[in-house]
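Biologist: Before I use the labels in this model, I would like to hear what each of them rests on. Please take them one at a time.

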Amino acid sequence: MTVRFALLGDIELRLGERAADLGHARQRCVLAALLVDANRVVPVDRLGERVWGETPPRRFRATLYSYVSRLRGILHAASYEAGAEDAAAEGAGEDGIGAEGTGAEGPAAVPGGAAAGRAEAGRAGAGLRIDREPGGYRLSVDAAAVDLHVFRDLVARARAEADDAAAHELFGRALELWRGEPFATADTPWFNSLREVLVRERFTARLDANDVALRRGGHARLLADLYVMADEYPLDERLAGQLMLALHRCGRTADALGHYEHIRARLADELGIDPGPPLRRLRQRVLTAHPGLDPVPAAAGPPAAPVPRQLPAPPAAFTGRVPELARLDRALADGAAGGTVVISAIGGLGGIGKTWLALRWAHRNADRFPDGQLYVDLRGFAPSSPPVAPVAAVRQLLEALGVDRDSIPVDLEAACGLYRSVLAGKSVLVVLDDARDAEHVRPLLPGSASCTVLVTSRDRLTSLVATHGAGLLHLDVISDADARALLVRHLGEQRVAAEPEAVAALIGYCGGLPLALGIAAARAVSHPDFPLGVLADELRAAAHRLDALDVEGRAADLRAVFAASQQALSAPARRLFALLGVAPGPDIGADAAASLAGLAPAPAWKLLAELEAAHLVEQWRPGRYRMHDLVRLYAAESGGATAERPAALGRVTDFYLHTAYAANRLLDGPDTPFRPVLAPPVDGCLPREPADAAAALEWFAAEHPCLLAAQATAFEERRYPVVWQLAWTLISFHLSGHHLEEYEGVWRRALSAAEDHSGEPGPRALAHWRSGHARALRGEYTPALEHLELALALVRRDADTAGQAHVNRTMAWVWEQKDDCPRALEHATRALDLYARVGNATWEANQLNAVGWLCARLGRYEEAQAHCEQALARFRRGDRPDAAASTLDSLGYIAHRTGRWASAVNYFEQALTLFASIGGAYDQADTLANLADTLDAMGRPDRARATRLQALDLYRTQNRAAGVERMRRLTERAGDDGTGEEGAAGDGTVGC
């Protein structure tokens with residue numbers, strides 16, 4: 001006969017199918033209070049508080065003893081009836097210690113441990129008893145017999161399970177254990193609080209189970225339950241997202257978008273907030289029918305990492321290059337045979353067709369790389385923007401390989417190590433286009449012999465031969481025969497054959513450069529009735545040459561080709577062509593181009609289409625245009641933009657500034673420090689307003705190189721306020737995307753603009769503050785503090801209370817990184833006092849948590865507890881689940897350090913619930929690690945190990961090597977001391 005204890009509903013002891021009589025409600029509460037901490041000593045005072053409330057009656061100890069004595073008899077009878085062999089009668093002494101009451105635990109005494117995993121039904125053995133021990137009582141029981149512990153164990157196993165089918169089954173078994181409200185007959189503050197925690201745990205488990213079901217393609221079966229849950233929890237955004245996804249997959253996209261509008265309106269009416277970024281991103285993906293929303297078949301298991309297919313479209317009019325393509329084929333074959341990475345450095349003149357050759361070969365051989373093809377434009381020789389830094393390029397490659405951006409190390413060496421690890425054993429083609437030199441390339445080379453790399457560059461990259469065994473292919477101009485074949489591809493054999501002399505002249509003027517031939521052919525295509533001789537005469541009349549193309553004595557008459565195409569344009573298109581030559585950035589969006597020219601969007605689109613038809617610009621992504629660098633050089637030197645250049649640059653930089661300002665507001669809300677007041681945009685500038693935070697992030701990602709170039713242009717044009725204001729708009733994007741090198745760079749320029757060219761203390765203080773923060777993020781703490789001291793002096797001189805608070809907050813974080821917590825606490829406390837004077841509730845709550853965390857680090861636990869509890873109350877009133885979760889983690893750390901194990905577990909589990917609700921997997925990993933330390937300290941090693949395995953899985957997913965190593969060491973080490981000294985650091989104070 002099985003013996004089971006039920007807490008997830010009425011408090012019951014069930015013998016098979018029969019419920020035992022547990023006596024009156026208070027006695028049931030004693031049993032429940034002991035079962036919650038099964039196999040652990042519960043101090044008498046704590047037990048009294050749980051059963052009677054904060055003020056137990058004067059003689060509660062005697063009453064408690066009588067309840068325990070009766071419960072012993074009930075448990076003894078239950079053990080006897082169940083056929084337990086060693087349920088020997090306990091001693092009847094006043095201390096309640098029986099013959100075996102030494103406090104030693106049996107092998108199956110740990111909640112959530114191996115016994116719990118054997119069967120939910122559980123079996124009571126001889127160890128079912130209540131012992132009196134120094135300081136309190138211990139109820140020894142097989143945890144598999146207590147539904148609460150079985151529920152938590154099953155949920156933990158489900159979350160750690162890699163197989164979705166197995167996880168779905170585990171979640172189902174866990175949720176079936178619930179029969180109603182936990183401890184239904186108990187009504188004391190402790191039980192009420194624990195009941196709320198368990199209800200949240202159940203709700204989060206249901207959400208996790210929903211995610212698994214949706215991944216398995218169960219959207220249709222899940223839909224009815226999701227509607228019921230949405231009625232019960234109308235403001236939960238994660239649940240709303242699940243319902244939207246299920247509706248969309250069921251072909252009810254209009255209903256999915258309608259539900260988004262429903263929750264958006266309720267959030268606005270009841271809480272005064274908008275939906276968070278995850279729900280807004282989902283709405284955008286539903287609107288665009290993003291393929292990532294398509295269901296994964298049930299048999300497919302967990303979704304695999306995406307296979308990157310990043311190659312740009314192949315050149316449509318590619319002709320010739322047969323020997324070169326054969327060389328590349330041989331290089332691949334030789335590399336495969338020799339087991340080495342093949343790097344074909346395709347060097348040569350700009351416009352000679354390096355990228356075309358690489359893409360032609362890559363597309364022709366794409367099927368030989370089943371794990372994907374990667375492409376990065378390194379912009380090594382771009383005339384209008386700096387080369388892409390290796391750290392930025394490797395981040396781009398890792399994100400294309402499916403690595404979460406938050407998991408990518410900021411250090412170049414670490415990021416490259418992760419890149420090589422992800423590619424290990426895979427067959428991937430990597431195309432690195434327009435590299436500056438060998439050092440630009442080396443960090444981006446895979447370590448796996450199964451990968452192939454193509455590099456294009458105007459540099460010969462000869463050092464790659466010695467260091468990486470590269471095969472070098474120096475590209476020359478195409479032959480006259482291939483040039484003629486290229487013209488035939490564009491113009492047709494009949495037209496080319498009709499004018500052999502004109503064709504020969506065209507080939508001669510183009511100098512064997514495919515770029516020039518393509519532009520000349522486009523000019524001829526646009527006028528099919530013109531004789532080719534007319535075009536040849538136009539080229540002959542051009543007086544200027546692009547001197548930069550006089551390579552190795554070969555002067556290619558590209559100016560004549562460009563001039564002929566330019567003169568064929570309409571006057572407005574010629575004007576835009578000239579302005580595009582001076583526009584900041586490697587490419588330009590249609591809206592930015594409209595502001596550059598001072599036009600409305602529709603006319604700008606029409607002119608861009610005219611330039612595209614003439615092959616003078618390329619729409620390489622929808623709505624984004626770029627020029628070949630030689631075309632850009634010609635456009636810039638053609639003189640058409642000389643008079644208009646200052647006004648055009650003013651319009652386009654204002655476009656970037658005001659649009660970035662609007663996008664930042666969607667990401668950061670109203671509480672961002674040092675928010676600047678912008679001057680109105682200049683006449684002719686038409687900034688954009690992104691629709692939501694997801695659209696704002698997409699805009700920042702697309703325009704990031706242009707924003708950096710716009711800041712440099714503003715500096716050159718001496719528009720110094722725009723320099724630091726643009727840097728300010730990028731703060732959130734840079735920090736959230738870990739663009740730390742760019743973060744430091746924009747503030748270095750902003751500091752120069754503010755310090756050398758501005759007498760205003762505000763911009764100077766901001767620039768020093770952010771420069772200090774950027775240096776600190778790189779571990780350069782001494783120069784960081786020098787910048788911060790200068791910032792502090794400036795805000796003090798300006799009597800800027802909020803500014804003083806912000807700078808002191810960052811200084812506290814820097815001193816903590818230097819492991820000087822007393823100094824850190826001085827600055828953190830000063831910041832808290834200043835925030836209180838400012839009256840901003842959000843800032844003050846953040847700083848309460850920061851002060852609490854530092855007090856905890858210094859062992860001042862009462863102060864730490866008080867500060868963090870104040871912060872938590874404010875975050876909950878302000879509906880800040882992310883901040884509340886971090887504060888709960890701090891409170892868990894404090895409770896752990898003060899030996900309040902159950903409270904620590906409670907705090908950590910609440911934090912985990914909140915982190916799960918907002919998708920905070922990164923913080924979940926650290927909190928799980930902290931929870932495991934506490935469980936160890938409580939003497940629950942099996943559950944601690946299960947929790948560490950969850951943390952280990954997350955750390956692995958996030959590529960956090962230190963966390964992986966620590967979890968592996970602690971899960972494998974016998975006799976873990978469980979002190980938690982190595983616990984993941986809390987995040988009570990931040991430096992931004």
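Modeller: This is a predicted model. I start with strand β16 (residues 624–626), which is joined to β14 by two bridges and runs antiparallel to it.

Biologist: What makes β14 and β16 a pair?

Modeller: Pairing requires at least two bridges between the strands. β14 and β16 have two bridges, so the requirement is met. Within this pairing, I588 lies opposite Y625 of β16.

Biologist: What is the order of the strands in this sheet?

Modeller: The order is β14-β16-β15, an open sheet of three strands with antiparallel pairing.

Biologist: Why are β14 and β15 called edge strands?

Modeller: β14 (588–589) and β15 (618–621) each have a single partner strand, so each has one side without a neighbour in the sheet.

Biologist: How do you know that β5 and β6 pair?

Modeller: Strand β6 (residues 136–140) and β5 share five bridges in the antiparallel sense. The cut-off is at least two, so five bridges satisfy it. One of the bridge partners is Y137 in β6, which goes with R132. The hairpin of β5 and β6 has two residues between the strands, and G135 has a positive phi near 95° there.

Biologist: What makes β5 a mostly covered strand?

Modeller: β5 spans residues 129–133, and four of its five residues are buried.

Biologist: Why does S732 count as buried?

Modeller: Buried means under 20% relative accessible area. S732 has 16% relative accessibility, so it counts as buried. S732 belongs to helix α31 (residues 731–736). Leaving out residues up to four places away in sequence, S732 touches N664, L667 and D668.

Biologist: Why are α41 and α42 called roughly antiparallel?

Modeller: Helix α41 (residues 921–937) packs against helix α42 (residues 941–957) at an angle of about 160°. Angles over 145 degrees count as roughly antiparallel, and therefore α41 and α42 receive that label. Their axes are 8 Å apart, and α41 passes α42 in a left-handed crossing.

Biologist: Which residues of α41 and α42 meet?

Modeller: On the α41 side they include A921, L928, L931 and L935. On the α42 side, P941, A944, L954 and Y955 are among them. The residues of this contact divide into 12 nonpolar, three polar and five charged.

Biologist: What makes D933 and R948 charged members of that contact?

Modeller: Asp and Arg count as charged, and D933 in α41 and R948 in α42 are both listed among the meeting residues.

Conventions: Residues numbered from 1 in each chain as written. Predicted model: local features only at pLDDT ≥ 70, side-chain atom pairs only at ≥ 80, totals over all residues. Heavy atoms only, no water. Axes fitted to C-alpha atoms, helices over the stretch in contact; angles between N-to-C directions. Parallel < 35°, antiparallel > 145°, perpendicular 65-115°, else oblique. Left-handed = near helix turned anticlockwise from the far one by under 90°. Contact = heavy atoms within 4.5 Å. Buried < 20%, exposed > 50% of the residue type's maximum accessible area, 1.4 Å probe, protein only.
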